[in-house]
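Here is a short tour for a reader new to this structure. Please look over the sequence and the model before reading on.

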Amino acid sequence: MTGFETLNRRRLMTGLAGGGLLGLGGCATALTPARPATPSAAPPYVTPFAERRPPIAPVHARMDRVFDITVCLRPFRATGPRLDAEQVGDTLVVHNYGHGGSGWSLSWGSGTFAVRKAMAGSPASVAVVGCGALGLTSALLAQEAGAKVTIYAKDLLPDTRSARATGSWTPDSRIALTDSVGPEFAAQWEEMARISFKRFRRYLGLPGDPIEWSDRYYLQDPPASTPGLVPMPVPPQAGAPLEFATYGERIRDITPRPEILPAGATPFSDGPVRRTSLMQYNVADYAHTLMADFLAAGGRVERREFHSLSDLAGLKEKVVINCPGYGARALCKDESVTPVRGQIGWLIPQPEVNYGVYYRNVSMLSRRDGIVVQALWGGDMFGFGNDQEVIDRAETEHAISILAELYGRMTAG
Ligand SMILES: Cc1cc2nc3c(=O)[nH]c(=O)nc-3n(C[C@H](O)[C@H](O)[C@H](O)COP(=O)(O)OP(=O)(O)OC[C@H]3O[C@@H](n4cnc5c(N)ncnc54)[C@H](O)[C@@H]3O)c2cc1C
């Protein structure tokens, strides 16, 4: 087992935040960790044997029900998101980009850091570049801090990469590399995660459920002799496996403990199943809510494309929060922004399916705006360094066939 696999197994078992949490980047092939997460990590909660089986409706996993396939590039930086400020001519530019697979999850915390810097001189007006998860949340926070805010962006949220995310609370998914960041980043990450987590409470229980909690089930791989198993592809290896930083242990107090459900407690499989609960973002509704709040507070939006940082100095606002996501590679000539390709197959929503599943390196999350199906052959390294933002239909077909095999056995049994 490589160090990388050990790491992902560890994250799976402990149910800590991150890609391994059904964000999903983990390798879910085992329910038993090679070693505990840390010496202090609490073991999973073992559900009493008598627990009643929760209703688990099957997903109709068929390609003819896939109504869309989307691809996006996670903006990963080994040193974590860029949050420094620089002077460009007479304009203060505060950067807020490079959040890997954690952009939605960390948005409010990261935006809070950026707005603190932007508002240090109490400007009356602030420009925000970008209208993805980071741009929109930064804009709302700048309004709350008293500024008149204009968002300048090439694309508005429904057309941004943010709209093509899984939509799960994954605050340390591909956020940095362990050996590229120090303890100060871990502390900064924790503050960002806690600020965000608290802010999400405002969107729980609203009409349309912009954010809600849902259960996630991590299934054990069935024995290779199981009839009808679809073979898993060998993942293309993008170089040696890297060790992504994990910080879930730092927020254990706000993270539900995973439970091990005994065999037979769910209709999924013969083996034990790990279950945890996570927040999910129903991105269509959540994004709409954020935009409506921004406009209601007097925010302005202008479609504009910038070609270099010096273009930003031409804006009338002399304080700019820069949130271009992966676009920073071109706009800021920042080659530290590494693409991590991710593709989603969208199945027609099924309101009766109110959970997510991780099975044989395929993740499924049922959202109000579609059932999100993603292949993760090879865990967090899948798509690393790959800037091909083009649809690979075979990848989605394969992921759907693995889910079809799972639900075929479930409903047959
Ligand atoms: C498959 C997949 C699944 C994911 N799942 C999750 C998840 O479950 N949870 C989670 O927290 N995160 C997830 N992420 C990560 C998350 O989507 C990103 O971290 C986040 O979307 C980054 O948001 P952003 O606002 O920085 O960038 P973007 O969404 O890319 O927005 C950038 C904005 O800047 C604008 N822009 C860029 N360049 C220019 C320019 N030159 N001029 C003008 N405007 C410009 C764009 O038009 C856009 O408006 C996932 C990512 C992928 C790919």
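How many residues surround the ligand, and which are the closest? The ligand has 42 residues around it. The closest are Gly-103, Gly-132, Gly-325, Gly-327 and Gly-342. Keep in mind that this is a predicted model.

## The shell around the ligand

Several elements contribute to the shell. Strand E2 (66-76) and strand E12 (338-347) each supply at least two of its residues. So do H2 and helix H3 (133-144), each with at least two.

What classes of residue make up this shell? It holds 19 polar residues, 16 nonpolar ones and seven charged ones.

## Two helices that cross

H2 also packs against another helix. H2 spans residues 103-118, and its partner H4 spans residues 183-200. Their axes lie 7 Å apart, at an angle of about 115 degrees. Angles of 65 to 115 degrees count as roughly perpendicular, and H2 and H4 are therefore roughly perpendicular to each other. The crossing of H2 past H4 is right-handed.

Which residues meet here? From H2 come Ser-105, Leu-106, Ser-107, Trp-108, Gly-109, Ser-110, Thr-112 and Phe-113. From H4 come Glu-191, Met-192, Ala-193, Ile-195, Ser-196 and Arg-199. By class, the contact of H2 with H4 has six nonpolar, six polar and two charged residues.

## A six-stranded sheet

Now to the strands. Six of them form an open sheet with mixed pairing. Their order is E3-E4-E11-E5-E6-E10. Which strands stand at the edges? They are E3 and strand E10 (300-303). Each has a single partner strand, so one side of each is left without a neighbour in the sheet. On average, neighbouring strands of this sheet are turned by 25 degrees against each other, direction ignored.

## From the edge inward

Start at the E3 edge. E3 covers residues 85-88, and E4 covers residues 91-95. The two strands run antiparallel and are joined by four bridges. Val-88 has Thr-91 in E4 as its bridge partner. E3 and E4 form a hairpin with two residues between the strands. In this hairpin, Gly-89 takes a positive phi near 60 degrees.

Next comes E11. How do E4 and E11 run, parallel or antiparallel? E4 and strand E11 (residues 319-322) run parallel, with four bridges joining them. Here His-95 has Asn-322 in E11 as its bridge partner. E4 thus has E3 on one side and E11 on the other in the strand order.

Definitions and conventions: Residues are numbered from 1 along each chain as its sequence is written. This is a predicted model: local features need pLDDT of at least 70, side-chain atom pairs count only at pLDDT 80 or more; totals for chains, interfaces and linings use all residues. Axes are lines fitted to C-alpha atoms, for helices over the stretch in contact, and angles run from 0 to 180 degrees between N-to-C directions. Angles under 35 degrees count as roughly parallel, over 145 as roughly antiparallel, 65 to 115 as roughly perpendicular and the rest as oblique. A crossing is left-handed if the near helix is turned anticlockwise from the far one by less than a right angle, and right-handed if clockwise. Two residues are in contact if their C-beta atoms, placed from the backbone, lie within 7 Å. Ala, Val, Leu, Ile, Met, Phe, Trp, Tyr, Cys and Pro count as nonpolar, Asp, Glu, Lys and Arg as charged, and the others, Gly among them, as polar. A residue is near a molecule or strand if its C-beta atom, placed from the backbone, lies within 6 Å of it. Two strands pair if DSSP finds at least two bridges between them.
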